[in-house]
Every structure is written in structure tokens, then in C-alpha cells.
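Hi,

Here is the structure I said I would pass on. Have a look at it first, and then read my notes underneath.

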Amino acid sequence: MSLKSLDTASESYDAIVIGSGLGGLTTANRLANAGHSILLVEHHHQLGGLATWFKRKGHIFDVSLHGFPYGMVKTCRKYWNRAIMDSIVQLKNIVFDNPQFSLQTTFERQDFTDILQNKFGIKNEVIQNFFSTIGSMNFYDDQSMTTRELFEKFFPGRSDVHRLLMEPITYANGSTMEDPAITYGIVFSNFMNKGVFTFKGGTDQLIGMMEEELVKNGVKICTRAKVNRIVIEKGQVRGVMAEGNGEERFIQAPCVISNSGILNTINNLAGKDAFPKEFQEATNKVRVNNSSCQVYIGIKDGEIIDDVGDLLFTSKAEHFSSEELLDMHTKSKTFSVYYPKTRPGHNRYTIVASMNARYDDWAHLTDDNYQQEKDNLIKRTMSDLEKYLPGVTDKCDWLEAATPKTFHRYTFHTKGTSFGTKFEGLDVSRSISKVVKGLFHVGSVGIIMSGWLGAINYGVIVANDADAYLRS
Ligand SMILES: Cc1cc2nc3c(=O)[nH]c(=O)nc-3n(C[C@H](O)[C@H](O)[C@H](O)COP(=O)(O)OP(=O)(O)OC[C@H]3O[C@@H](n4cnc5c(N)ncnc54)[C@H](O)[C@@H]3O)c2cc1C
């Protein structure tokens with residue numbers, strides 16, 4: 001068993017990583033690979049952060065394994081290992097169904113081009129121009145153009161095209177039409193490269209393989225261990241105060257990498273006073289992204305359901321709007337359908353419905369109202385799912401809902417954010433090591449550094465920074 005309790009940790013390490021999300025895991029692994037002694041501290045009993053799973057009545061539910069871009073293949077091969085890369089497989093059947101259009105796609109550039117041309121009547125020249133414009137966008141570009149302006153430029157007045165292009169991205173990272181067009185361009189181009197992918201074997205297998213790699217590289221992993229404070233003296237990191245089994249202890253390290261949310265890291269773990277005034281002001285301006293609701297549906301052992309697609313973007317709303325997607329009673333949801341092929345050897349079907357959600361809508365309900373709203377969410381979800389899988393309600397033996405409060409409870413993320421922060425969070429995250437020596441942040445920020453691929457890639461970038469610092 002490689003997950004240990006905090007009392008087994010040594011007194012000092014070269015670096016301490018707080019949190020085992022995909023960003024934290026990757027940073028810990030890269031730094032250990034570079035020869036540093038690393039302690040990874042996670043408050044939950046399992047690793048993965050939002051890349052998580054849970055078991056109920058023989059079912060295994062994946063929380064955030066709905067789809068990631070092709071870029072994961074190269075990233076996993078380069079920064080993890082070949083076995084992890086080999087488990088990445090494409091989701092071939094993505095379905096859109098809403099009052100404006102119904103279609104199936106592989107989410108590949110050629111398929112999208114055909115759909116835009118033949119179903120939506122857009123000229124090929126405009127489509128190619130759009131793809132090459134967003135394909136050439138990069139982080140250092142002008143950030144003043146919004147996604148709405150970008151869409152209006154290429155597809156004026158075409159709310160159906162805007163919906164096709166935007167709805168999956170809003171689900172994927174919470175971005176809206178008012179966010180900078182470059183965040184849309186970078187994320188959409190990633191997905192459009194070669195389609196949408198998943199991890200065969202499920203999240204539990206991926207995180208298990210990552211854990212093995214960490215152990216092989218000598219990372220000390222402590223779970224059920226919470227960091228209460230990052231100790232900083234005279235602008236320099238000294239270590240952390242961490243708690244496990246009800247006991248708090250100091251562990252020394254010249255370098256701390258926090259995978260906790262950026263606002264938690266600054267305001268609660270390090271404490272505002274550790275930062276200069278201008279930095280605090282920049283931090284106060286950081287907006288967090290939305291949170292999520294999910295309904296987990298377990299199909300009885302022995303029951304079969306038809307293949308209706310892997311990922312279904314469904315909506316009964318007449319038009320797309322990010323506000324509608326966020327509404328507590330939204331008419332829009334995605335269904336991820338996990339067939340037995342998802343987890344070879346585990347002969348079960350599960351379905352996870354995901355909705356974007358606002359923390360504040362859920363956080364202040366009375367206990368009775370909270371329970372009532374969760375029950376209603378499950379009822380609405382099942383009624384919507386019946387359209388695609390008639391009779392499914394009678395086939396399931398597990399129904400459970402998660403809300404923004406659930407995501408907050410398990411990760412401590414500010415307002416249960418599912419996708420970190422808006423664009424401005426990236427700059428604050430990148431600057432933290434310039435104002436406190438030895439302190440780094442890794443994790444979902446700025447839209448482009450969120451999601452499975454974004455979090456792992458950011459983990460590599462931050463590991464390089466921390467490695468350079470430790471060697472200097
Ligand atoms: C419902 C949902 C669906 C999603 N679907 C997808 C998808 O289909 N595709 C995709 O690419 N992305 C998806 N995402 C987003 C993706 O899961 C995240 O962007 C990514 O996993 C975040 O990684 P991270 O490194 O930021 O860390 P996180 O996963 O946020 O983990 C942070 C970790 O730090 C720990 N921690 C925090 N504070 C402390 C402390 N003080 N002491 C100890 N430990 C601490 C937490 O417990 C947690 O384990 C989804 C997210 C949600 C919520």
C-alpha cells in the first residue's frame with residue numbers, strides 16, 4: 001500500500017506538493033524524476049482530485065472522465081509513461097440534440113467541416129478561414145476580442161452555428177461568449193485536432209497507474225492529510241503545517257507547490273499578508289469559474305442498454321446561452337454513457353449526467369430544500385434520459401446526485417469551481433513565485449490550464465520552474 005498516513009513522513013523534503021489533482025500529481029512526478037525528494041500531501045483518502053471515481057452497489061462512477069483532446073496522447077507518453085498513453089481511446093459517437101438541430105459527429109475537423117457545409121449551409125471557404133484563424137491563436141495574442149465577436153465575424157446571426165461551436169466548450173471548461181476569443185480558440189483547436197478521447201479502464205485505473213509511477217520515482221505520498229498553512233518567513237517558503245489523524249506537524253521544505261485552488265492558496269494557506277499589496281489587488285480581481293451538478297445512474301447487473309452514443313449534448317432550450325446552462329433548473333445537460341467496453345472486465349453500464357451550476361444557488365438552501373432540489377434534479381434527468389433510452393428508469397438500481405456543495409466538500413475549491421478560474425487567474429498563478437521565494441501554484445486556472453490535458457501540461461511547466469528554483 002503506497003498511500004501512507006502523515007505520521008510516516010520525514011521531517012524535511014526538497015519540495016512538498018499540496019494536493020493530488022492531475023496538476024499536483026504531474027508536478028510531483030516530474031520533480032521526483034529530476035532527483036528531488038518529494039512529499040505529496042492529499043486531504044482525501046484517494047488521489048486524483050476532480051479526476052475521481054466512486055463505487056456504489058457494484059457500480060464504478062467516473063466524475064470527470066467525459067472527454068479530453070488528442071493532445072493527451074503525447075502528453076501522457078512524454079510526461080507519464082507508455083502504458084498510460086496506450087489506454088487512451090477515441091469516443092467515436094458524439095451526439096447533439098436540441099430544438100435547433102440534431103446530429104452525430106466524431107468531433108474531427110473533416111466531419112465538422114462536412115456538417116457545417118451540408119447541414120448548416122456554410123461556405124467551405126468561411127469554414128476553413130475560421131479553423132485557420134482559431135488554429136493560429138496563441139496565448140500571447142490580443143485578448144480584447146470576445147468569443148461572441150469571433151462568431152459574429154465568421155457566422156453573423158447564426159445562433160445555430162454558435163451553439164454547435166460553443167455548447168461543448170462551455171461544458172468542457174465553463175467559458176462563456178464574453179470570455180476572450182483566444183481561450184475559445186486554443187481549447188476548441190485542441191479538441192478539433194482529432195476528436196474526443198477517453199481513458200480505457202476508467203479513472204481508477206489511470207490514477208492507479210500514476211500512483212505506481214510516483215512510487216517508482218520515490219515520491220512519498222500521504223493521504224487523509226490536510227495542509228493547514230504554508231509557512232513563509234521573510235518572503236521565503238520554509239515548509240507546511242499539515243494535519244493527519246487529528247495531529248498537526250511542521251514539515252520543512254524550501255519549495256512548496258500548491259495544487260489547492262489559487263484563491264485558497266493565497267488567501268488561506270499562505271495568508272494575504274505574505275504578498276505585496278498590488279499582488280493582493282490582482283488576486284481580489286480573480287473570478288472563479290462555475291461549478292457543476294451531476295446525476296449518477298447505475299444500470300442493474302445483467303441489464304443491457306442500446307448504444308445511443310458516448311457523449312450526448314442535449315437541450316430543450318430554444319437557444320444556447322451560458323446563463324441558461326448555469327440555471328439551477330437548466331433544460332440542458334450532457335449524458336456520458338459508459339458501456340462495458342469502457343472498463344473491460346467490469347460488465348456494467350453506467351450513465352453520468354452533467355450540468356453546469358452556480359454554487360450560490362445551492363449553498364444557502366435549508367437541508368429540506370436542498371434534498372428536495374436534489375430529488376427534483378434526479379427526476380428531471382431521468383425524464384430527459386428516457387427520450388434516448390426508453391424504459392431506462394426501470395433498469396437502474398442506483399441514482400445519486402452531486403451539487404456544487406459536493407465538489408466544494410471534496411476539493412475545498414472556492415465555490416466548488418469545476419474549472420478553476422477565468423483568464424486573469426493564470427497571471428496570478430504564474431506570478432506567485434516571483435513574490436514569495438519557493439512558492440508555486442499548479443492547477444486549473446485561466447481556462448486553458450484547466451481540464452485533464454491543461455492540468456497535466458501545467459503540471460509539467462510548474463515542475464520545470466520549481467526544478468530550476470531548487471537547482472539555483
Ligand atoms: C463534473 C466535472 C466534469 C469534468 N469533466 C471533464 C472532462 O470531461 N474533461 C476534462 O478534461 N476535464 C474535466 N473536468 C475538469 C478536470 O477534472 C479538472 O480541470 C482537473 O482534474 C483539475 O486538476 P487540478 O490539477 O486543477 O486539481 P484538482 O482536481 O482540483 O485537485 C486539487 C487537489 O488538491 C487537494 N487539496 C486542496 N487543498 C488541500 C489542502 N489544504 N491539503 C491537502 N490537499 C488539498 C484536493 O483535495 C484535490 O485532491 C471536469 C470537472 C468536473 C468537476
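**Domains, ligand, helices and a sheet**

Let me start where two domains meet: 8 residues of domain 1 are in contact with 11 residues of domain 2. On the domain 1 side, the residues that touch domain 2 divide into 5 nonpolar, 2 polar and 1 charged. Keep in mind as you read that this is a predicted model.

For orientation, the domain assignment gives domain 1 as 3-52 + 204-287 + 419-471, domain 2 as 108-193 and domain 3 as 290-411. Between the C-alpha centres of domain 1 and domain 2 there are 33 Å.

Next, the ligand. Where does it sit relative to domain 1 and domain 3? Both of these domains give residues to the shell around the ligand, so it lies between them. The ligand is surrounded by 38 residues, and the closest are Gly-19, Gly-21, Gly-23, Gly-49 and His-66. Sorted by class, the shell has 14 nonpolar, 22 polar and 2 charged residues.

Several elements supply at least two shell residues each: helix 1 (22-33), strand 12 (225-233), strand 16 (291-299), helix 16 (404-411) and helix 18. Which of the helices and strands gives the most? That is helix 18, with 4 residues.

Helix 18 (residues 451-471) also packs against helix 2 (residues 71-79), at an angle of about 35° and with the axes 10 Å apart. The crossing is left-handed. From helix 2, the contact is made by Gly-71, Met-72, Thr-75 and Tyr-79, while helix 18 brings Trp-452, Leu-453, Ile-456, Asn-457 and Val-460. In terms of class, that contact has 6 nonpolar and 3 polar residues, with no charged ones.

Strand 12, which you met in the ligand shell, is also part of an open sheet of 3 strands. The order is 12-13-14 and the pairing is antiparallel. Strand 12 and strand 14 (247-252) are the edge strands, each pairing on one side only. From one strand to the next, the twist averages 25°.

If you want to look at one pairing in detail, try strand 12 with strand 13 (residues 236-244): they run antiparallel and are joined by 8 bridges. Which residue of strand 13 stands opposite Ile-230? You will find Val-240 there.

Cheers

Terms used
Residues are numbered from 1 along each chain as its sequence is written. This is a predicted model: local features need pLDDT of at least 70, side-chain atom pairs count only at pLDDT 80 or more; totals for chains, interfaces and linings use all residues. Axes are lines fitted to C-alpha atoms, for helices over the stretch in contact, and angles run from 0 to 180 degrees between N-to-C directions. A crossing is left-handed if the near helix is turned anticlockwise from the far one by less than a right angle, and right-handed if clockwise. Two residues are in contact if their C-beta atoms, placed from the backbone, lie within 7 Å. Ala, Val, Leu, Ile, Met, Phe, Trp, Tyr, Cys and Pro count as nonpolar, Asp, Glu, Lys and Arg as charged, and the others, Gly among them, as polar. A residue is near a molecule or strand if its C-beta atom, placed from the backbone, lies within 6 Å of it. Domain bounds come from an automatic or database domain assignment. Two strands pair if DSSP finds at least two bridges between them.
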